[in-house]
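Please walk through this fold one step at a time, starting with the sheet and ending with the cysteines. Keep the structure open beside the text.

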Amino acid sequence: MKQFVASIIANRSIAAEWRELSLEWDPDAGRPQPGQFFSFRASRASDPLLRRPLAFASVSADSARVRAIYQVRGLATQLLSEEAPGSGLDILGPLGRPFTLPEPATQPRSLLVAGGIGIGPILFLHSEIGPPRPSLVLGFRSVALIPELDLPEGSVICTDDGTRGFHGSVVRWLEELAPAEARLFGCGPAPMLAALAALSRRRGWHASLSAEQWMACGVGACMGCALPRADGAGYVRVCADGPVFEYPSPDGLDVDWLRLGTVP
């Protein structure tokens, strides 16, 4: 982990309210892993005061460039969207616990599932997994929100309104078309993760789920990103204990995903 000023390489629109940010990365900070994130300071002024997290969507082979996909949905991301190439961004990272890459020789088929801004970490994970390539299932509300990105060949697109690809949620696609045995990786909004956890429990799948949560410090000090533990023994910190959590967890840090809601 390191704090430094990163130069913005590109900051382009890829869909309505969605943008792709490319940054120069300091290799001395360490190579980011799929599922990890960085935090940025949106303004030198006191508003917004807190840093904001963005997940890595890719890292170059030489660890000198990184990408993130973000949605413009508040003052901090609005200010970020106005930053031009060549300007500097105060960065802290890499942060958080990453995904553990599957071992094709010993694991069942891997299914990578994403919704909303969860697409970035899942695309990064997909690029890091060697052959055989896992299945990639991406969910969007409509075709207008599908980003202009070079998605991997064979990607399954699901839209809630049926304007492209499978008509329905990613969870519905899994229920209808997924194999009986699978190793699940997911990132997206809380209701989607709750539904993925419920489906994994019914099917007996092991799932690695990356939580999206508001953060204040990003380093585990403030408990601002806490989620309830399934055993009722307090909370986990998304920034420090996660953002990737195993389901079921080998270390007892099971998130109570089912309390976060379900997908209709």
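Two strands pair if DSSP finds at least two bridges between them. This is a predicted model, and that rule is a good way into it. Strand S3, residues 37-41, pairs with S4 in the antiparallel sense over four bridges. One contact to look up is Phe37, whose bridge partner in S4 is Ala55.

Now widen the view. S3 and S4 belong to an open sheet of seven strands. The order is S4-S3-S7-S1-S2-S6-S5, and the pairing is antiparallel. Strand S4 (52-55) and strand S5 (58-59) stand at the edges. Each has a single partner strand, so one side of each is left without a neighbour in the sheet. Strands of a sheet pair through backbone hydrogen bonds, either parallel or antiparallel.

Next, follow S6. Strand S2, residues 18-24, and S6 run antiparallel and are joined by seven bridges. In S6, Val66 is the bridge partner of Leu23. Val66 is also the bridge partner of Val59. S5 and S6 run antiparallel too, with two bridges joining them. These two strands form a hairpin with five residues between them. In the turn, Ser63 has a positive phi of about 60°.

How much of S6 is covered? Mostly covered is the description that fits: five of its seven residues are buried. Helix H2, residues 119-128, lies across S4, S5 and strand S6 (65-71). The helix runs at about 145° to S6.

Turn to the packing. The largest nonpolar core has 36 residues. Leu174, Leu184, Leu196 and Trp257 are those with the most contacts inside it. Several elements give two or more residues to this core: strand S7 (88-95), strand S8 (110-115), helix H3 (170-177), helix H4 (190-203), strand S13 (206-211) and S16. H4 supplies the largest share, six residues. Take Leu196 as a sample. Leaving out residues up to four places away in sequence, Leu196 touches Val113, Val171, Leu174, Leu184, Gly186 and Leu209. Apart from this core lies another, of 23 residues. Among them are Ala57, Leu112, Phe140 and Ile157.

The aromatic rings come next. The structure holds six aromatic pairs. In one, the rings of Phe4 and Trp25 have their centres 5.1 Å apart and their planes at 80°, so the pair is edge-to-face. Phe4 lies in strand S1 (residues 2-15) and Trp25 in the loop between S2 and S3, so the pair ties together parts that are 21 residues apart in sequence. Both Phe4 and Trp25 are buried. Phe99 and Phe185 form another edge-to-face pair, at 5.9 Å centre to centre and 65° between the planes. Phe99 lies in the loop between S7 and S8, and Phe185 in strand S12 (residues 183-188), so this pair ties together parts that are 86 residues apart in sequence. Phe99 and Phe185 are buried as well. Ring pairs also build a cluster, which links Phe4, Trp25, Phe38 and Phe56.

Now a local stop after strand S16 (244-247). Asp256 has its place in the segment that follows this strand. Is Asp256 buried or exposed? Asp256 counts as buried, because its relative accessibility is 17% and the cut-off for buried is under 20%. Not counting residues up to four places away in sequence, Asp256 touches Pro228, Arg229 and Ala230.

Last, the cysteines. A disulfide here requires two cysteine sulfur atoms within 2.5 Å. By this rule the count comes to zero disulfides. Cys158 is in no disulfide, and the nearest cysteine sulfur, that of Cys187, is 16 Å away. Cys158 counts as buried, at 0% relative accessibility. Why is Cys222 not bonded to Cys217? The sulfur of Cys222 is 3.7 Å from the closest cysteine sulfur, in Cys217, and that is too far for a bond. Cys222 is partly exposed, with a relative accessible area of 38%.

Methods
Residues numbered from 1 in each chain as written. Predicted model: local features only at pLDDT ≥ 70, side-chain atom pairs only at ≥ 80, totals over all residues. Heavy atoms only, no water. Buried < 20%, exposed > 50% of the residue type's maximum accessible area, 1.4 Å probe, protein only. Contact = heavy atoms within 4.5 Å. Axes fitted to C-alpha atoms, helices over the stretch in contact; angles between N-to-C directions. Core = buried A, V, L, I, M, F, W, Y, C linked by side-chain atoms within 4.5 Å. Phe/Tyr/Trp six-rings, centres within 6.5 Å; stacked < 30°, edge-to-face > 60°.
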